[in-house]
Amino acid sequence: MSEQFSWDLHGQGWILSSFAIGYMASGVLGASAAKRYGGKLTLLIAVLLWSLSTFITPYFAHSRWALIGLRVLLGIGEGLGLPTIFHIFAHTIAAEHRSTAFGYLIACGSIGQTLSSIICPHLHWEWMFYTFGALGFIWCTLWLMLYIDVNPNLLEYEEEEPVKVSLDSLSHWKQFIQHWPLWALYIAHFTMNWSNYIIMHWLPTYMKSSLKAEHKDIMYTAAPYILNSIIGVAAGHVADKLISQYRWPILKVRRLMTGIGLIGPGIFMLWFSNIDHLKLALLCVTVSMGLSACNSAGHLSNHADVAPHFAGTTFAISNTLATIPGILCGPLTAELVMTSGGRWFPVFIIAALMNFVGGIIYLTHSSDTPIL
């Protein structure tokens, strides 16, 4: 598309980052809507929004501003999605099984990214949008037919339990920003997303410009997501087994998985930045993305531990803050590469340092004690 419509690196950066603007704008709204209207309706609206914006993109791609608007709409839909899923999980899945559930959630997302990486290089770009938009419409039909929403009586029972914070006392949202264990979650999520957005947005461009990859080589970008899926599921099972069978403290397991999921990819990102061999670079970034999947059994599962009654809301706040890298990494990466004479080294160094900082803060400030 950039070749057909003559977009420079800065133009590509803003188009990629516009998604994150909508994503950030709707995260907290998604958690509140799920609490008020139920997970089934909220998730249906979310998927309809992102499917529609995807399907009609080819009709407006000639206008950069229209395309940016559709990308924002896509972000709004996806921003509603994850907090709603966290709300559903928190009300339907027992604590000792949540790591596995979140592992499958992350893995299924990676499977979607894997399929798109394999399929899209063989399609004309318009049909990429038509195909995945249409799949979203099919999913909505199945969701309406097959999913039964959370039992209202269960919700009423849970809301009658004494909790430290009620919805009425959250008018200024102060309780969600006053506790270090929550900030440990927010910062870990922020730093994880920084490196993930770099890979998701820029890996194909980097492969073509710096590693001299051919068009057919782009399909190998599926490899990181395949390993991410496998490790995400495995990490969930291992974490739950450590908790239920070996009686490890929940906090110890969360910290172990987050340490692997942040510090491990940071090390491989540093190595990746110094490699100029295509296959070795792909191996390195694949291992990095694979280790990142351990976060699903780490800080991403920790929301339901520290805020069992407000897991959707705390995740929405975390996800909103963690979308800032999605806004910044597009134009910032373009600026860093262009001002350094086409060198990508600073981009990956910053991403690695982000991971190290997030890992250290989570390991020293996280908790498994309910706060909200």
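Which residues line the second largest cavity? I shall open with that point and then work outwards through the rest of the structure. Please keep in mind that this is a predicted model.

The residues in question are Trp194, Ile198, Cys329, Leu332, Thr333, Leu336, Pro346, Val347 and Ile350. The space they enclose is about 40 Å³. Three elements, helix 9, helix 15 and helix 16, each give two or more residues to this lining. Helix 15 has the largest share, with four residues. In terms of class, eight of the lining residues are nonpolar and one is polar, while none is charged.

Let me turn to the largest cavity, which holds about 50 Å³ of space. In total, the count is five cavities of 30 Å³ or more. The lining of the largest cavity consists of Ala31, Lys35, His87, Ala90, His91, Pro308, His309, Phe310, Ala311, Gly312 and Thr313. Here the elements that contribute two or more residues are helix 2, helix 5, spanning 64–92, and helix 14, spanning 311–321. The class composition of this lining is five nonpolar, five polar and one charged.

The largest cavity also brings us to the domains. The assignment for this protein gives domain 1, made of 1–92 and 123–156, and domain 2, covering 178–371. Each of these two domains supplies at least three residues to the lining of the largest cavity. Taken over C-alpha atoms, the centres of domain 1 and domain 2 are 21 Å apart. As for the contacts between them, 22 residues of domain 1 meet 28 residues of domain 2.

I come next to the nonpolar cores. In soluble globular proteins, nonpolar side chains tend to be buried together. The largest nonpolar core in this model has 33 residues, and the members that touch the most others are Met207, Met269, Phe272, Trp344 and Phe348. At least two residues of this core come from each of helix 2 (9–37), helix 9 (180–209), helix 11 (250–272), helix 12 (278–292), helix 15 (324–339) and helix 16 (345–365). The greatest contribution is that of helix 9, which provides eight residues. Both domain 1 and domain 2 are represented in this core, each with at least three residues.

What does Phe348 contact, once its neighbours within four places in sequence are left aside? The partners are Ile198, Tyr206, Met269, Phe272 and Ser273. Ile198 has already appeared in this talk, in the lining of the second largest cavity. Met269 and Phe272, for their part, are among the members of the largest core that touch the most others. Separate from that core is another, of 30 residues, which includes Ile88, Phe89, Leu105 and Met192.

I would now like to consider several individual residues, beginning with Gln12. Is Gln12 buried or exposed? Gln12 counts as buried, because its relative accessible area of 18% falls under the 20% limit. Gln12 sits in helix 2. Not counting residues up to four places away in sequence, Gln12 touches Ser2, Trp7, Trp202 and Thr205.

Two residues deserve attention for their backbone geometry. Ser6 is not a glycine, yet has a positive phi of about 55°. Ser6 is found in the loop between helix 1, at 2–5, and helix 2. With a relative accessible area of 60%, Ser6 is exposed. The other residue is Arg247, likewise not a glycine, with a positive phi near 60°. Its setting is the loop between helix 10, at 222–244, and helix 11. Arg247 is exposed too, at a relative accessible area of 67%.

My last residue is Glu214, located in the loop between helix 9 and helix 10. Glu214 counts as partly exposed, because its relative accessibility of 48% lies between the 20% and 50% limits. How many ångströms separate the C-alpha atoms of Glu214 and Cys120? The separation is 15 Å, for two residues that are 94 residues apart along the chain.

To close, I return to helix 9. This helix gives the most to the largest core, with eight residues, and is also one of the elements that give two or more residues to the lining of the second largest cavity.

Conventions
Residues are numbered from 1 along each chain as its sequence is written. This is a predicted model: local features need pLDDT of at least 70, side-chain atom pairs count only at pLDDT 80 or more; totals for chains, interfaces and linings use all residues. Side-chain values use heavy atoms; hydrogens and water are left out. A nonpolar core is a set of buried Ala, Val, Leu, Ile, Met, Phe, Trp, Tyr and Cys residues joined through side-chain atoms within 4.5 Å. Buried means under 20% relative accessible area, exposed over 50%, partly exposed in between (1.4 Å probe, protein chains only). Domain bounds come from an automatic or database domain assignment. Contact means heavy atoms within 4.5 Å. On a 1 Å grid over the protein atoms alone, a cavity is a set of points where a 1.4 Å probe fits but cannot get out, and a pocket is an open set with protein on both sides within 12 Å along at least five of seven lines; lining residues have an atom within 4 Å of a point. Grid points are joined across faces, edges and corners, and a volume is the space filled by probe spheres set on the points. Ala, Val, Leu, Ile, Met, Phe, Trp, Tyr, Cys and Pro count as nonpolar, Asp, Glu, Lys and Arg as charged, and the others, Gly among them, as polar.
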